[in-house]
Amino acid sequence: MLADDQALTFGAAVSFYGTRMDASAAANMKILVLFILGDEDPLCPVTGLEGIQKTIGRDSRVVIFKGRGHGFTVTHRPRSPEEDKDAEEAFVVMRNWLSEGLLGHQLK
């Protein structure tokens, strides 16, 4: 969808976990994309997203949380205090990245 949009509707995007992404379409994306995932996600290998991020280029970014699997930010029952902390940090990273990309400044 983002590759087809050509930045007509969207100015930035965030992808949590990045499943079912078409790597060949990445070259056609004209917006900033932030990818957030865990390095133990069996549904979305880190190497695949790093390749997509390089293809999109510009200020797109991949943020990898060590020891986290698929869905770690949406779990309402975190498996550990550390996982809960990482989920909170992921949302702060997303908020700040969107603020910088869309508004030109970082939120406090």
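Where is the place of D22? I looked this up before anything else, and D22 sits in the loop between β1 and β2. A reminder to myself: I am reading a predicted model.

**Entry: D22**

I checked how open this loop residue is. D22 has a relative accessible area of 48%, and because exposed means over 50%, D22 is classed as partly exposed. I then looked back along the chain to A3. The two residues are 19 apart in sequence, and I get 9.7 Å between their C-alpha atoms.

**Entry: the chain as a whole**

Next I took stock of the fold. I count three helices and three strands in the protein chain, and starting at the N terminus their order is α-β-β-α-β-α. The chain has 108 residues, and 40% of them count as buried. Its accessible surface is about 6700 Å², with 52% of that belonging to carbon and sulfur atoms.

I also wanted the contact pattern. Among contacts with a separation of 6 or more, 58% are between residues 24 or more positions apart.

**Entry: strand β2**

How many of the residues of strand β2 are buried? I went through residues 32-38 and found seven of the seven buried, so β2 is largely enclosed by the rest of the structure. I then split the strand by face. One side carries L32, L34, I36 and G38, the other V33, F35 and L37, and the residues on both sides are all buried.

I looked up the partners of β2 as well. Strand β1, residues 12-16, runs parallel to β2 and is joined to it by five bridges. On the β3 side, residues 61-65 pair with β2 over five bridges, in the parallel sense. L34 turned out to be a handy landmark: V14 stands opposite L34, and L34 also stands opposite R61 in β3.

**Entry: F65**

Is F65 buried or exposed? I placed F65 in strand β3 first. Its relative accessibility is 5%, and since buried means under 20%, F65 counts as buried.

I listed what F65 touches, leaving out residues up to four places away in sequence. The list reads I36, L37, G38, D39, F72, D86, E89 and A90. Of these, I36, L37 and G38 are residues I had already noted as buried in β2. For D86 I also took the C-alpha distance to F65, which is 7.2 Å across 21 residues of sequence.

**Entry: P45**

I moved on to another loop. P45 lies between β2 and α2, the helix of residues 46-56. With 49% relative accessibility, P45 counts as partly exposed. I paired P45 with Y17, 28 residues away in sequence, and the C-alpha to C-alpha distance is 9.0 Å.

**Entry: the largest pocket**

Which residues lie nearest the centre of the largest pocket? I found M1, L2, A3, M21 and M29 there, out of 14 residues that line the pocket. A3 is the residue I had set against D22 in my opening entry.

The volume of this pocket comes to about 240 Å³. I asked which elements contribute to the lining: α1 (2-5), β1 and β2 each supply at least two residues. By type, I sorted the lining into eleven nonpolar residues, one polar and two charged.

**Closing note to self**

I keep coming back to β2. This strand pairs with β1 and with β3, is buried on both faces, and gives at least two residues to the lining of the largest pocket.

Technical notes:
Residues are numbered from 1 along each chain as its sequence is written. This is a predicted model: local features need pLDDT of at least 70, side-chain atom pairs count only at pLDDT 80 or more; totals for chains, interfaces and linings use all residues. Side-chain values use heavy atoms; hydrogens and water are left out. Helices (H or I, at least four residues) and strands (E, at least two) are DSSP runs, numbered from the N terminus. Buried means under 20% relative accessible area, exposed over 50%, partly exposed in between (1.4 Å probe, protein chains only). Contact means heavy atoms within 4.5 Å. Accessible areas come from the Shrake-Rupley method with a 1.4 Å probe; for residues, only the protein chains shown count as cover. Two strands pair if DSSP finds at least two bridges between them. On a 1 Å grid over the protein atoms alone, a cavity is a set of points where a 1.4 Å probe fits but cannot get out, and a pocket is an open set with protein on both sides within 12 Å along at least five of seven lines; lining residues have an atom within 4 Å of a point. Grid points are joined across faces, edges and corners, and a volume is the space filled by probe spheres set on the points. Ala, Val, Leu, Ile, Met, Phe, Trp, Tyr, Cys and Pro count as nonpolar, Asp, Glu, Lys and Arg as charged, and the others, Gly among them, as polar.
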